[in-house]
Amino acid sequence: MDPITIGYLGIAALVLLVILGVPVAFASAFVGIVGISYIRNPSVGEGLAGMIPFANSASYSLSVLPLFVAIGFLAMHAGITTSAYDAARKWVGRAPGGLATATIFASAGFAAVSGASTASTAVFTRLALPEMEKRGYDRAFAAGVVAVGGTLAALIPPSALLVIYGIIVETSVAQLLLAGFLPGILSVVVYLLVITVVVKLRPGLAPIEPAVPMIEKIRALPQVAGVFSVVGVILVGIYMGWMTPTESAGVATAIILLMAMRKRMKLKEFGHGLLDTVQTTAMIFMVIWGVMVFVRFLAFTGLPASVADSVTHLDVPRWVILAAIIVMYLLLGMILDGLGMMLLTLPVVFPSIVALGYDPVWFGILLVKLIEVGVVTPPVGLNCYVVNGIRPDIPLESVFKGVAPFLLGEIVIIGVIVAFPDLILLLPNLMN
Amino acid sequence: MQALIEAIHKILGFIERSFGLVAGLVIMGLMVVVCAEVVGRSAFNHPIRGSIDIVSQMMAIAAAGGIPYTQSKFGNVRMTILTGRLENRPRWLAEVLTYAVAAWAVWVLMQGSTGFLERAWRSGADTAEIHIPTWIGISFVTVSLSLLLARLVLQLIESLRLLARPRASSLVFGITRPATAALNADKG
């Protein structure tokens, strides 16, 4: 059997195991080890696989990941998220769909201290959803806002997904983090527009909030200073070249920890924050290790280079291939978890993207946006499951229904990312 | 059998949590080292010698320390769209497959990591700048993989037990049922 056929069989076996419920990390390591052992011999398989966990963790560039994860969990356990929501509610509560708008703003604020969209969704399901219900908001609409707001965490720095992408495809993490900022802001603007249009069309979905005195609004601002500090340290530190992404993450973690201590975070909450951080970090690294074993196997088969070669020789314009890749990711996003989907497809897709002449940083932003659309679309939409998991009284169908208007907005955002790559690359290019 | 599994689950859980907390404290240590580097470099024009070596070796502990704890909390990404709909024996059959595949893969990773550790120990491999021996980090990764393997084997054994008695309660999987109801269901 030729190696490329073995590569295709390996991919088929991996998809089968993942569908059967084997965690992505273990399924990819299993297929990778069996594949390398078959192509070479079992001792090569064991030797190569055994080096991967240490080699793919003992690295300076990877140290940004646990620190980014820590920022989010410490902020959450210290109640900084609650302060952000409170401030947003006071400032924009009077706008059409005021509490929904506040939720999007606060989600953007949380995104600036957290890189995980499911964590953000979980926080605002507990925090913002009951508030919106109390004020008579339509439950499906409110649940949709919370689920969609969570996706901002993947684009607005610090983003764990962008860091992982950068490490896997060996592209500058600093440039990726900067590039994520403008599409993140664009997403906020589009979501706010969607809320405004939906509420104007159906005012019954979201009653208007009572006015808040200016003095109260101003008093709420210092509570969100930490959030702005973290954004400032990460963006300015990296942009000006003062700090590496790891250093900016370390300083931002220290700021959040100091704020947490000022808010008298209890030792027990600190312990919970640490264990949550460790759990998310370990989950990410397990997937990276497993997929790296699988990537080694694919490299032995020569499949990625062969696919890239075939794709570049297709007699169609390159945008057609890009459109096919976008559709593939949107479909995969409906059934696969974002992290697993990204890591499993990149070894084959990325060489083709580079061969077609697309910018790796721009593609990283597009890919993360596509993944985030996947987390709010049925049947697997992870963020919607998080809402339903925390609030079983809100059926999954209602959450998906609430998300539906935002999907039109997502199409607009993807269109802008595809049509204006220079806009996406503005900050990284200015940094250069 | 069930009592033995539960006892091992509790002991393993304590070790996993301790490893997790060590990893968490190491992450805080990472924060301290990089902040010290930034302050030392920018305020005193005196960067910490070997900070990159220190951070990279700490990362081995930060990344690997939590893997057994994460598996004990079923925190690894998996797709349950199909298996989530299964109940009783079909569900536990799928779980047996999952843990058998996972345990075998982790066993090979652990064997390979042990070989890697032996080579690093024999060759005296160390980091580039301040020569930290790499066997320290590799041994932590190997021990974490061993603990992960122990957890997966325990989950495999528990899945096999539940395959035989699908309505029994299980501390490992967090399934609690009234003893009499489970007994009656099994008889039925």
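Disulfides are absent from this predicted model, the count over all chains being zero. A disulfide is a covalent bond between the sulfur atoms of two cysteines. Two cysteines can nonetheless be described by their accessibility: A:Cys384 counts as buried because its relative accessibility is 0%, and B:Cys35 is likewise buried, with a relative accessible area of 17%, since the cut-off for a buried residue is under 20%.

| Cysteine | Relative accessible area | Class |
|---|---|---|
| A:Cys384 | 0% | buried |
| B:Cys35 | 17% | buried |

A:Cys384 belongs to helix α19 of chain A, which spans residues 382-390 and whose buried residues are A:Asn383, A:Cys384, A:Val386 and A:Val387. Which part of the helix do these buried residues line? Viewed down the axis of α19(A), they fall within an arc of 155°, and therefore they line one face of the helix. An α-helix has 3.6 residues a turn, so residues three or four places apart point the same way. The packing partners of the buried residues of α19(A) are three helices of chain A, namely α7 (117-134), α8 (139-150) and α20 (396-419).

Elsewhere in chain A, helix α10 (residues 173-201) packs with helix α12 (residues 225-239) at an angle of about 125°, and their axes lie 10 Å apart. This angle makes α10(A) oblique to α12(A), and the crossing in which α10(A) passes α12(A) is left-handed. On the side of α10(A), the contact is made by A:Ala174, A:Leu177, A:Leu178 and A:Phe181, while α12(A) contributes A:Val231, A:Leu235, A:Ile238 and A:Tyr239.

Terms used:
Residues are numbered from 1 along each chain as its sequence is written. Chains are lettered from A and ligands numbered from 1 in the order in which they are written. This is a predicted model: local features need pLDDT of at least 70, side-chain atom pairs count only at pLDDT 80 or more; totals for chains, interfaces and linings use all residues. Side-chain values use heavy atoms; hydrogens and water are left out. A disulfide is a pair of cysteine sulfur atoms within 2.5 Å. Buried means under 20% relative accessible area, exposed over 50%, partly exposed in between (1.4 Å probe, protein chains only). Helices (H or I, at least four residues) and strands (E, at least two) are DSSP runs, numbered from the N terminus. The arc is that of the directions from the helix axis to the C-beta atoms. Contact means heavy atoms within 4.5 Å. Axes are lines fitted to C-alpha atoms, for helices over the stretch in contact, and angles run from 0 to 180 degrees between N-to-C directions. Angles under 35 degrees count as roughly parallel, over 145 as roughly antiparallel, 65 to 115 as roughly perpendicular and the rest as oblique. A crossing is left-handed if the near helix is turned anticlockwise from the far one by less than a right angle, and right-handed if clockwise.
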